[in-house]
Every structure is written in structure tokens, then in C-alpha cells.
Amino acid sequence: MNDDESTIASDDTLSVATAAADRIDAEETVDLLQSLVRIESPYFHEDEIARYVYDWLDDRGLDPEYHRVSEPDITGYEGNNVLARIEGSDPAAPTLLLNGHVDTVEIVDGWTEDPLSGRVEDGRLHGQGAADMKGGLAAAMAAFAALAAADATLAGDVLLAAVVDEEGPYGLGTDQLLRDGVVADCDMAVVTEPGPVLDGDNWENPALYVGARGRFLYDIEARGVAAHGSTPKQGRNAVVAAGLLADALSRMPVASHPLLGEGSVCPLEIEGGSETLSVPESCRLLVDRHVVPGETTESVIADAERVVEDLDLDADVSVGLRETPHPDARYGPYVFDTDEPLVQGLTRATEAITGESPGIGYFRSVGDFNYLGHRAEIPTVILGPDGDNVHGAGEWVDVDETVEVARILAAGAVELLS
């Protein structure tokens, strides 16, 4: 094919991509988003919203199916992801995964209105989980339905995965996708998390996030010696030791990466002792550790053990990591090149839909994208509508950006899979 023929083919694809995006109805997309926000769905309690997603897809003839998620040993959790697939014409062509989670954090205190209202005002839709990530989920569902109804003939498949328990301790929904081989044929993935509000670099949409830090959770036990609280010097106070250790760990040097920036350390929980007038003989400390490429399980534990050794605490300290359902259930860091076909295709789609070139960003925290980008080694981009007050009272998502992301996803799928 000469350059002129290549340009014609590219123009034709762009035209078809734009036509697919035009099938997305803004009002219907916002109605979908409102319906999702009005369903209370904290992690481990997603049955109602999973049924809603299933029924919404089923009503449109999109052949959804439930995918069982089970973790009996630590959490006792049982739930269902919802999957649907558009089959392409060429089994050898790539498959695109659209991944979004249905769960939220628990409803927090401080709301001055119904946290499930889905109220729209000044272009913002309000409600717990509106930004994280029912806006992104609505965009992915709307794009998937538009692609199924479009005149475009896709060579590759599109797999939609509406997953449970992203906000929970282990990301069990996407973890189960990997364990069961559901995404084994996926060549690229888009996770529709709200990027700009959480990136730490002040990017605005349109933006594509092509990497993310990873995370470990220290589970540390300090053991002292009990004594009567009126004679504390006769004992060894495990709570004091854990407090000193928490402070030292928060100031521990961390590695950095030219794109992902520095890692971070944040003590999360300290638990020990009681109201009984006794010197606490044990204390448990949980500490978040966000990491960058090059930091491993072994190096992370060794870092904390050096801090313990330098402090010379009056306690016996055992450094470990939080128990996981299986050894691979950890969030590893990753970075993908901007010349990946996924990034290039979404860039062209973004330019066609918005008239702007997207910024390229890197995510500060962790989520299902780490399982896909690091563990499964699938080129993964985070692309979602912006908002604010994520996990807090007054959470909202940008309505126009929700529709815009849906349009970019639909156009991007055509660009990547035609």
C-alpha cells in the first residue's frame, strides 16, 4: 500500500470511528450513570448493581454473563463480575478489554444531601462513587453498546468486564479474571478510573495514563513485656515501640522513577493494648508502601528491617506483609511506552473526538490496572472522566467528560480493531 492509499484507509477508519462515537446518546448515558449512582454498592455488597448491569446489557441484546468470584479463605467473599463480548471477524486480530468496577467505598459521614441522589448541577453529577468509578463504568457500558450497534465491522473482539471488589483489600474481581484465564486473549486494556483527580501532576482531561506505582502493605508486630501500668519501667511497651517505628517508617528513604516519581510510605493503623491498667505486650502496625519499578518483596521487607535495626527498639519486632489469597495478589508497578498501538490508537481517537491531543500521565495509586499492566503484562491505559472528593462526602463526576470518554472509547475501539 502506498502513502496515498494508507492515508485514504486511515481517513476511512477515522470516519467510521467517529460514526460509532456518534451513536452514543448523551442523555441516555447520564441516565445510566444516575441509575448506577443510586444503587448503594460498597465492596463485598455488589449483588444489586451487578444485576442492574447484567439486565441493562441483556435488554440491549448484548448477551451478558455472570463470572463467579470466590475467595473463601480470608474474606469468605462470593460475588459476580458481569462480562459481555463483541466478537470480531478475525480470530487472529487483537482483543480490547474495557474494565470498570461496580463497587464503591462505604458511604462516608459528612454528606449534606442524599449520598445516592445522583443530583446533576452545573455539569456535575453527585453521589458516593460517582467519580470512582461509576462515571467510568457508565462510559464503558455506553461505548460497548454503541460499538455493538454500529455499522463498523471490527476485526478484533471487545470484552467488557464490570468487576466487583476493586475498592476492597484484594481486587478480587479482576484477580479472578486473571486466575480463570478470562483475559488471557486480551492484547490491550482500558480501565476507566478517574485519572486527573488522582494523578498528583495536575493534568486535565483529555489524558491517558500509561503507568502506575505499585503497593505493598506492611503488617508488623511489636512484642514487649506486660507489667502493671503504674510501674511501666518494669515492662516493655509494645505500643510505644510501634509508635516510634511508625514515625521512622514514614520518614524512610524511598526509591524514585523518572516517570512515576518517588515511592511513599504512610502508616495506616496501629492496634494494641487496652483500657486495662497494663503495659501493652503486643501491638500491630499496618503501613502502606507505594513502590516504583525495581522495588521487590524482598527489598521492601529489607528496608523496613533496616529501620527496625537502626531504632534499637525496646521490643521484638516482626516485619511481614499483609496476608493475601495467593502470592500473585499484589499490586506491582508498571510503565508502558507511548508508542504502544493502544496509546497511539486512543490518541488518534481523542484528537478526533475532542480536537485536542491527550496528555500522557502516570497514576499515583493502585487498582485493577496494576493486575492487568504488571501481573498480566497487558498494555493498559487509564482513561476516565474527572471529578473530585473521591472517597469523600460531596463526591462528583463531570457529566460532559463521562459522555466524552464514552465517545473516545467507541472511536478508539474502531481505530484499534478495524
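**Exercise 1.** State whether Asp303 is buried or exposed, then find the residues that its salt bridges join into one network.

*Solution.* Buried is taken as under 20% relative accessible area, exposed as over 50%, and partly exposed as in between (1.4 Å probe, protein chains only). Asp303 has a relative accessibility of 15% and counts as buried. The model is predicted: local features need pLDDT of at least 70, side-chain atom pairs count only at pLDDT 80 or more, and totals for chains, interfaces and linings use all residues. Residues are numbered from 1 along each chain as its sequence is written, and side-chain values use heavy atoms, with hydrogens and water left out.

Next, look for partners. A salt bridge is a side-chain nitrogen of Lys or Arg within 4 Å of a carboxyl oxygen of Asp or Glu. Asp303 forms one with Arg289, at 2.9 Å from N to O. This pair connects distant parts of the chain, with Arg289 in strand β13 and Asp303 in helix α7, 14 residues apart. Helices (H or I, at least four residues) and strands (E, at least two) are DSSP runs, numbered from the N terminus.

Arg289 also meets Glu295 in a salt bridge, at 2.8 Å from N to O. Arg289 is buried at 0% relative accessibility, and Glu295 is buried at 12%. Through shared partners, salt bridges join Arg289, Glu295, Asp303 and Arg306 into one network.

**Exercise 2.** Work out the strand order and the edges of the open four-stranded sheet, and place helix α7 against it.

*Solution.* Two strands pair if DSSP finds at least two bridges between them. Start with β13 (282–291): β12 pairs with it in the antiparallel sense over eight bridges, and Cys266 has Asp288 in β13 as its bridge partner. β13 also pairs with β9, again antiparallel, over ten bridges, and here Glu221 stands opposite Arg284 in β13. β9 (residues 214–223) then pairs with β14 over six antiparallel bridges, with Tyr218 opposite Leu321 in β14.

The order is therefore β12-β13-β9-β14, with antiparallel pairing. β12 (264–272) and β14 (316–321) are the edge strands, each pairing on one side only. Direction ignored, neighbouring strands of this sheet are turned by 20° against each other on average.

Helix α7 (residues 297–311) lies across β9, β13 and β14, and runs at about 160° to β14. Axes are lines fitted to C-alpha atoms, for helices over the stretch in contact, and angles run from 0 to 180 degrees between N-to-C directions. Contact means heavy atoms within 4.5 Å. Eight of the ten residues of β13 are buried, so this strand is largely enclosed by the rest of the structure.

**Exercise 3.** Find which residues of helix α3 are buried and what covers them.

*Solution.* Begin with the geometry. α3 (residues 47–59) has 13 residues and reaches 18 Å from its first C-alpha to its last, close to the expected 18 Å; the expected span is 1.5 Å times one less than the number of residues. The buried residues are Ile49, Ala50, Val53, Trp56 and Leu57. Viewed down the axis of α3, they fall within an arc of 125°, so they line one face of the helix. The arc is that of the directions from the helix axis to the C-beta atoms.

The elements that cover these residues include α2 (26–37), β1 (65–71), β2 (77–86), α4 (130–149) and β6 (158–163). Just after α3, Gly61 takes a positive phi of about 70°.

**Exercise 4.** Describe the parts that the salt bridge between Asp185 and Arg85 ties together, and assess the exposure of Asp185 and Arg85.

*Solution.* The count of salt bridges comes to 19. In the one between Asp185 and Arg85, the closest N and O atoms are 3.1 Å apart. Asp185 lies in the loop between α5 (172–179) and β7 (188–191), and Arg85 in strand β2, so the pair ties together parts that are 100 residues apart in sequence. Asp185 is partly exposed, with a relative accessible area of 36%, and Arg85 is partly exposed at 29%.

**Exercise 5.** In which sense do strands β8 and β16 pair?

*Solution.* β8 (residues 207–212) and β16 pair in the parallel sense over four bridges. Leu208 stands opposite Ile360 in β16. Four of the five residues of β16 (residues 359–363) are buried, so β16 is largely enclosed by the rest of the structure.
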